[in-house]
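Me: Please take a close look at a single part of this structure and explain in detail how it is placed. Please then set that part against the rest of the chain.

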Amino acid sequence: MIQAQKDPNAIPADEHTFTMNSPNSWAPAVYDPKLDTVYLPMGVSTPDIWGGNRTPEQERYASSVLALNATTGKLVWSYQTVHHDLWDMDLPSQPTLADITDKDGNTVPVVYAPAKTGNIFVLDRRTGKPVVPAPETPVPQGAAKGDHVAATQPYSELTFRPKQNLTDKDMWGATMFDQLVCRVIFKRLRYEGPFTPPSEQGTLVFPGNLGMFEWGGIAVDPHRQIAIANPMALPFVSKLIPRGPGNPIEPPKGAEGGSGTETGIQPQYGVPYGVELNPFLSPFGLPCKQPAWGYISAVDLKTNNVVWKQRIGTVRDSAPVPLPFKMGMPMLGGPITTAGKVFFIGATADNYLRAFSTDTGELLWQARLPAGGQATPMTYEVDGKQYVVIAAGGHGSFGTRLGDYVIAYALPDQK
């Protein structure tokens, strides 16, 4: 819990209190031994989709990068990536540390923090100051009754967020029928671009609540100053449900008081609204937004320009008919890079581990997994032989095949 006082590093006295419902850090942290600093990606106070009851202390470090001295635990700095987060757009993965060369030829130690919004925040890991600009930008207003929306949000200039808002022309379907249904639903939803507030009408959330980035983060080739990222593009629909018959503010007697699942109806007990939260899908269960829904991409860390970007993943394990169409699929998991100019990634909603060229994004190899590879691979060496290993366990809410496999691969021995 976060101490409710002005100086976060003060030793608490008997009269000090602590802030309940402080945001947690659910994704892995990263440690810099030279600075003796640990960097925490922070979540958001619950409930995720309502903020009218939150206090300033509860939101002080929500959806932030938090830098703590590893020896003393004292706060070094914090940087908030979303203000008054009403969309669960927190930091979903471990930050990545790298040393980059700035325009003046100086070496700068930075931390890369990919966010669900598609922004990648690049901060000086000594001070927390943005190395890549992230100007505060006006966002849509008009929150539900009893809540409010921050006037601005930081928009990093290193980003994969959509450059243009969706329109009905972006709606897609396997048939003309479901494309038409998607367009009709799109017209009925509230949508004014990123950070459109949740509403009783129903709000289109894009980037969606799953995020453009999820766990796994990005991978950095420090010698070549290139980052590999795997952003997604899957809209969600968020609809607030006011309290009333069948939607009590407290759990019924004898019922469990849980907050619901990641999708579907979430009761959000204790606040004026529950919420229904789902991917924006057609009647046939396919995303209403036209493909692609998942990409791999390389970023030049010296210029912050995208070097290449392409789709990854097929509908083989998602469609009623197992066809290997390269649609570009949603992902849970991240890439790893190697010194051999090759990177590996599982993560996709089809059950594959793949290897690509870091230079071009060309597919070099792929192997069929017995279950979903919703994990980041790792690599190690034994007696001069290099292996790549992945945990293929699948993911229940992601819909991939479940399992308990740990599988390692290596090049065959030379004869």
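Reply: Strand E4 (residues 37–41) is joined by five bridges to strand E5 (residues 64–69), and the two run antiparallel. Strands (E, at least two residues) and helices (H or I, at least four) are DSSP runs numbered from the N terminus, and two strands pair if DSSP finds at least two bridges between them. This is a predicted model, in which local features need pLDDT of at least 70 and side-chain atom pairs count only at pLDDT 80 or more, while totals for chains, interfaces and linings use all residues. Residues are numbered from 1 along each chain as its sequence is written, and side-chain values use heavy atoms, leaving out hydrogens and water.

Within the pairing of E4 with E5, Val38 stands opposite Leu68 in E5. Strand E4 is also joined to strand E3 (residues 30–32), here by three bridges, and these two strands run antiparallel as well. In that pairing, Tyr31 stands opposite Val38. Val38 of E4 therefore appears in two places in this description, facing Tyr31 in one pairing and Leu68 in the other; in a regular strand the side chains alternate between the two faces of the sheet. Strands E3 and E4 form a hairpin with four residues between them, where Asp36 takes a positive phi near 50 degrees.

How covered is E4? Five of its five residues are buried, that is, under 20% relative accessible area, with exposed meaning over 50% and partly exposed in between (1.4 Å probe, protein chains only). Thr37, Tyr39 and Pro41 lie on one side of the strand, Val38 and Leu40 on the other, and both faces are covered.

The whole chain gives the setting for this strand. It contains two helices and 26 strands. Of its 415 residues, 53% count as buried. The C-alpha trace spans about 70 × 60 × 45 Å along its principal axes. Among the contacts (heavy atoms within 4.5 Å) in the chain with a separation of 6 or more, 56% are between residues 24 or more positions apart.

Elsewhere, four strands form an open antiparallel sheet in the order E13-E14-E18-E19. Its edge strands are E13 (219–221) and E19 (305–311), each of which pairs on one side only. Six bridges join E18 to E19, which run antiparallel, and Asp300 stands opposite Asn305 in E19. On the edge strand E13 one finds Asp221. Asp221 is buried, with a relative accessible area of 5%. Leaving aside residues up to four places away in sequence, Asp221 touches Ile226, Thr337 and Thr338.

One covalent link completes the picture. The structure holds one disulfide, a term for a pair of cysteine sulfur atoms within 2.5 Å. This disulfide joins Cys182 to Cys288, with an S to S distance of 2.0 Å. The pair links distant parts of the chain, 106 residues apart: Cys182 belongs to helix H2 (residues 176–188), whereas Cys288 lies in the loop between strand E17 (273–279) and strand E18 (295–300). Both cysteines, Cys182 and Cys288, are buried. The torsion about their S-S bond is about -70 degrees, so the disulfide is left-handed.
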